[in-house]
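Grab a pen and work through these exercises with the structure open beside you. Try each task on your own before you read its solution.

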Amino acid sequence: MALGLGLPAASADAPPPLPGADRPAFQEALDLWLQDDEAQALPALAELAERGNAAARLLLAQIDKIPSLQGPYLAQMPRAERIALLRAPGGLSGRSWIAEIEDVAVADAWRALHWPDARPELMARFDALGEPRAARTTMVVLAAREHEGLRDLPLDEADPELLYLLWRSAGPDRRAEIAARVPAGHPQRQLMGEATDARDLDRWLHQSAAAAPLVALCNTLCPEDGEAGTCLGAAYQALGSHDALLTIGTPSEALVDQDRFLASPRGQASVMRRILLGTTMRGRRLMLARVEGQSACLAAGLSAEADRHRRVIPGVTPRP
């Protein structure tokens, strides 16, 4: 039985149109990429970017910046070819296409996040553009930078799934206020120093829209009754990062909405790739063995994805 994604209702305000996104050539390349055909999609996107297509430029910039969006075709490509494919010409290592997009609000916002002087106001900016994943990414990035603006951020302006990021640097009174907003049994409680029950985590994974990337993956890898539910807990533990779960997803809602992305082969590969990237190569075998003991179907999917990214050296037999 498939698990419900638990996604919120779509916003009445659609993301602003992105120049070039409605062009048939871009849509064809996007479809190929979502089907995980990087070999056909990426050269087509690169050609469109060179011709000035802003949508292609934004997608290539996001793929270049976010490792989990990169599949085996890119992973096994020589560095020089990879740079030429994903970036604009210029400098020693090319230039991100994000710097070549003018007068496009969502590109301006992503460019602002890449600068060290980004401020908390950028979260609201992304929200207004219909980019919730980008807004959450902004909060995670600013917390990692220990931005002082988060210390006094009104709690109503923070993502309720990421309040623990504010709790870390808060004083006793603010911590109490934050704790009052986090439901009992929420996985954030553990990140705020409290013990949690495995059954609470299981309920949250089944009910929260934040778990949608794992739900979509487990519905595909483990479709049998009961197996998808077991897969969910194993996937969350293997991911090992609440931050990561909240920031997995579409490169931009202006390019492809979250539901479509998570249901696609490339979207689900990106979730597995993010899980794998969270563990060092040395620790990956142990992680996969632990997952195997919890969910054999998830372990098989992760192992297959790891194998796809393994560089093949002529004359050398890869390890099992």
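## Warm-up: the whole chain

This is a predicted model. The chain exposes about 16,000 Å², and carbon and sulfur atoms supply 52% of that area.

**Exercise 1.** Work out what kinds of secondary structure the chain has, and how its radius of gyration fits the globule rule.

*Solution.*
- Step 1: Count the elements. You should get 19 helices and 0 strands.
- Step 2: Take the radius of gyration, which is 20 Å, and set it beside the rule. For 320 residues the globule rule gives 20 Å, so the chain is as compact as a globular protein of that length.
- Step 3: Look at the box too. Along the principal axes, the C-alpha atoms fill roughly 55 × 50 × 35 Å.

**Exercise 2.** Find what share of the residues is buried, and what share of the contacts joins residues at least 24 apart.

*Solution.*
- Step 1: Buried means under 20% relative accessible area. By that cut-off, 49% of the 320 residues count as buried.
- Step 2: Now take the contacts between residues at least 6 apart in sequence. Of these, 60% join residues at least 24 apart.
- Step 3: For a bonus, check the charges. The chain has 34 positive and 42 negative ones, and their mean positions are 8 Å apart.

## The disulfides

**Exercise 3.** Find the disulfides, and say which cysteines pair up and with what handedness.

*Solution.*
- Step 1: Search the whole structure. There are 2 disulfides.
- Step 2: Start with Cys218 and Cys231, whose sulfur atoms sit 2.0 Å apart. The angle about their S-S bond is -75°, and this link is left-handed.
- Step 3: Place that pair on the chain. Cys218 belongs to helix α13 (residues 212-221) and Cys231 to helix α14 (residues 227-239), with their positions 13 residues apart.
- Step 4: Go on to Cys222 and Cys297, with sulfur atoms 2.1 Å apart. Their S-S torsion is about 115°, so this disulfide is right-handed.
- Step 5: Place this pair as well. Cys222 is in the loop between α13 and α14, while Cys297 is in helix α19 (residues 296-308), and the two are 75 residues apart.
- Step 6: Count the bonded cysteines along the chain, and you get the pattern 1-3, 2-4.

**Exercise 4.** Are Cys218, Cys231 and Cys222 buried or exposed?

*Solution.*
- Step 1: Read off the relative accessibility of Cys218. At 0%, Cys218 counts as buried.
- Step 2: Do the same for Cys231, which is also at 0% and buried.
- Step 3: Finish with Cys222: again 0%, so buried.

## A helix on the inside

**Exercise 5.** Why can α13 be called largely enclosed, and what covers its buried residues?

*Solution.*
- Step 1: Count along the helix. In α13, 8 of the 10 residues are buried, so the rest of the structure largely encloses it.
- Step 2: Name them. The buried residues are Ala212, Pro213, Leu214, Val215, Ala216, Leu217, Cys218 and Asn219.
- Step 3: Look for the cover. It includes α12 (198-207), α14, α15 (242-247), α16 (258-263), α17 (265-277) and α19.

## Three residues up close

**Exercise 6.** For Ala269, Gln62 and Arg260, give the helix, how buried or exposed the residue is, and what it touches. Leave out partners up to four places away in sequence.

*Solution.*
- Step 1: Ala269 lies in helix α17. Its relative accessible area is 4%, so Ala269 is buried. Ala269 touches Asp36, Glu305 and Arg308.
- Step 2: Gln62 is found in helix α3 (residues 54-65). With a relative accessible area of 1%, Gln62 is buried. Gln62 touches Leu69, Trp110, Arg133 and Pro251.
- Step 3: Arg260 sits in helix α16. At 34% relative accessibility, Arg260 counts as partly exposed. Arg260 touches Gln27, Leu30, Asp31 and Leu34.

**Exercise 7.** What C-alpha distances separate Ala269 from Gln188, and Arg260 from Arg133?

*Solution.*
- Step 1: Ala269 and Gln188 are 81 residues apart along the chain, and their C-alpha atoms are separated by 26 Å.
- Step 2: Arg260 and Arg133 are 127 residues apart along the chain, with 14 Å between their C-alpha atoms.

Notes: Residues numbered from 1 in each chain as written. Predicted model: local features only at pLDDT ≥ 70, side-chain atom pairs only at ≥ 80, totals over all residues. Heavy atoms only, no water. Rg over C-alpha atoms; globule rule 2.2 N^0.38 Å. Buried < 20%, exposed > 50% of the residue type's maximum accessible area, 1.4 Å probe, protein only. Contact = heavy atoms within 4.5 Å. Areas by Shrake-Rupley, 256 points an atom, 1.4 Å probe, with all protein chains shown as cover. Lys, Arg positive; Asp, Glu negative; His and termini not counted. Charge placed at Lys NZ, Arg CZ, Asp CG, Glu CD. Disulfide = S-S within 2.5 Å.
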